[in-house]
Amino acid sequence: MAKLMSLLWGAGSPPCWRVMITLEEKKLQGYKRKLLSFEKGEHKSQEVLEVNPRGQLPAFKHGDIILNESCATCLYLENQFKSQGIRLIPDSAEDQAATYQRMMEGLALTDKLNSVIYYDCSVPEEERHDSAVKRNKEALTAELKLWEGYLENVAAGSYLAGAFSLADVIVFPSIACAFRFGLSVGRYPKLAKYYSLLKNRASIKTTWPPHWVASPQGYDILKDL
Amino acid sequence: MAKDMTLLWGSGSPPCWRIMIALEEKNLQGYNQKLLSFEKGEHKSKEVMDINPRGQLPAFKCGDVPVNESCAACFHLECKYKSQGTKLIPDCEAGLAQILQRVFEVNALVEKSSNVIYYNWKVPEGERHESAIKRNKEALTAEVKLWEGYLQKTSSGFLAGKNFSLADVIVFPAIAYLYRHGLSEERYPKLTEYYKNLMNRPSIKATWPPTWKETPGQDILKDI
């Protein structure tokens with residue numbers, strides 16, 4: 001099964017990480033994978049464009065099936081391999097609804113994080129404004145406070161939608177990214193607890209971005225949030 | 001059942017429209033609903049915040065459970081009411097994958113549309129640049145061409161597979177939004193065919209934004 005799967009990925013990219021966590025959780029280790037470099041522009045290479053005409057990572061194939069949106073890939077894997085590994089979408093309708101809700105909200109979190117962390121990459125120099133940077137930081141702060149609230153009762157086994165689920169697969173990488181980029185542990189204690197509870201989960205530890213392991217000291221762009 | 005569901009919505013909002021189409025397709029008419037006005041700021045009212053702390057529409061509850069993200073709500077409805085109404089997600093692997101891929105790709109389309117349509121609303125006057133407006137238009141043009149290409153490759157007239165699916169529920173409102181804002185019908189023949197074909201589908205006709213019937217559209221996208 002996993003042998004028919006291939007993943008083109010980039011280190012530290014939350015969407016790529018989501019797919020890798022899911023593959024671990026569904027016991028689909030052994031898939032073919034190739035680490036590409038964003039800095040070298042390898043995400044725009046012919047190899048990627050053949051799988052993903054958008055020139056983005058992750059680019060995932062299962063036989064002839066192509067899935068380039070990380071949420072799509074994770075939902076597909078959970079659906080196709082429901083009875084294997086951990087159940088990532090619960091059975092009960094109410095619990096499912098809560099899982100889907102947090103999953104989709106996770107995309108808003110990722111967007112707001114990107115708008116701060118990658119401001120200089122996405123906005124040409126002549127168009128940058130301190131007022132925009134400030135506004136993006138305020139929007140991210142409000143967003144993080146929302147998640148801090150969602151995790152009010154976080155504990156082992158009690159995460160974004162109860163037991164570990166696809167909501168955590170989608171959202172954890174962005175939370176990890178936030179701390180990597182200097183988010184204050186003191187100001188966001190629940191997020192910090194969530195982060196420290198899950199960072200040692202097998203699927204997460206195994207797929208931890210390699211360059212984060214090599215250089216544990218991250219950046220501090222988010223330290224004032 | 002439908003009576004246990006509540007939807008607070010705004011006219012012309014694609015995310016609201018998606019849920020309404022899904023409810024029709026699953027034969028869940030009879031849900032409690034209330035039309036609110038974005039212009040009057042009603043999306044920030046207590047009534048909305050009680051269901052959706054983000055102060056956004058749609059604000060949707062299934063019983064006591066809030067499911068405000070439109071894709072989440074649509075997935076939930078299809079899963080919970082799988083055996084009633086239209087089947088929006090097929091059983092086969094490849095069909096599911098295509099649908100999921102298109103569903104999540106819609107975010108790129110929505111973002112790029114909104115960067116053009118709402119540029120002045122999103123960007124304060126002192127921060128606006130002609131270069132940004134030009135870049136946003138180019139990005140949207142490339143995005144629309146991608147979707148035109150997707151429809152050229154399908155022969156069924158639907159976005160994924162042979163039948164109307166969750167991909168169409170999620171994506172159609174975003175396409176209709178483009179035409180409402182002046183997208184050229186001639187420049188994108190397959191997209192136009194898709195749009196005109198689906199606008200007569202009962203679930204879509206029944207939930208067509210009321211304000212779109214009352215007022216003319218805009219032409220901000222005519223050069224895309």
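# Exercises on a predicted two-chain model

The lining of the second largest pocket comprises 12 nonpolar, 3 polar and 8 charged residues. The structure examined here is a predicted model.

**Exercise 1.** Determine which helices supply at least two residues each to the lining of the second largest pocket, and which residues are closest to its centre.

*Solution.*
- Step 1. Begin with the pocket itself, whose volume is about 430 Å³.
- Step 2. Turn to the lining residues, of which there are 23; A:N79, A:K82, A:Y100, B:C79 and B:K82 are the closest to the centre.
- Step 3. Assign the lining to elements: α3 (70–80) and α4 (93–117) of chain A, together with α3 and α4 of chain B, each give at least two residues.
- Result. Both chains take part in the lining, through α3 and α4 of each.

**Exercise 2.** Describe the contact between chain B and chain A by its residues and its buried area.

*Solution.*
- Step 1. Count the residues on each side: chain B contributes 36 residues and chain A contributes 36 residues.
- Step 2. State the area: about 2900 Å² is buried between the two chains, and carbon and sulfur atoms give 58% of this.
- Step 3. Identify the residues of chain B that lose the most area to chain A: these are B:R54, B:F104 and B:E127, which together account for 22% of what that side buries.

**Exercise 3.** Examine the polar side of this contact and the elements of chain B that form it.

*Solution.*
- Step 1. Between chain B and chain A there are 6 salt bridges. In one salt bridge, the side chain of A:R135 meets that of B:E127, with a distance of 2.9 Å from N to O.
- Step 2. The two chains also have 17 residue pairs in polar contact, counted with both residues at pLDDT 80 or more.
- Step 3. On the side of chain B that touches chain A, two or more residues come from each of β4 (65–66), α3 (70–80), α4 (93–117) and α6 (130–153). The element that gives the most is α4(B), with 11 residues.
- Step 4. Sorted by class, that side of chain B has 19 nonpolar, 7 polar and 10 charged residues.

**Exercise 4.** Locate the cis peptide bond that precedes A:P58 and the one that precedes B:P58.

*Solution.*
- Step 1. In chain A, the bond from A:L57 to A:P58 is cis, with omega near 5°. A:P58 belongs to the loop between α2 (46–51) and β3 (59–62) of chain A.
- Step 2. In chain B, the bond from B:L57 to B:P58 is cis, with omega near 5°. B:P58 occurs in the loop between α2 (46–51) and β3 (59–62) of chain B.

Note on methods: Residues numbered from 1 in each chain as written. Chains lettered and ligands numbered in written order. Predicted model: local features only at pLDDT ≥ 70, side-chain atom pairs only at ≥ 80, totals over all residues. Heavy atoms only, no water. Contact = heavy atoms within 4.5 Å. Buried area = accessible area lost by both parts, 1.4 Å probe. Salt bridge = Lys/Arg side-chain N within 4 Å of Asp/Glu carboxyl O. Polar contact = N/O pair within 3.5 Å; in protein donor to acceptor, adjacent residues only side chain to side chain. Helix = DSSP H or I, 4+ residues; strand = E, 2+ residues; numbered from the N terminus. Nonpolar A, V, L, I, M, F, W, Y, C, P; charged D, E, K, R; others polar. 1 Å grid on protein atoms, 1.4 Å probe; cavity = no way out; pocket = protein on both sides within 12 Å on 5 of 7 lines; lining within 4 Å. Points joined across faces, edges and corners; volume = space filled by probe spheres on them.
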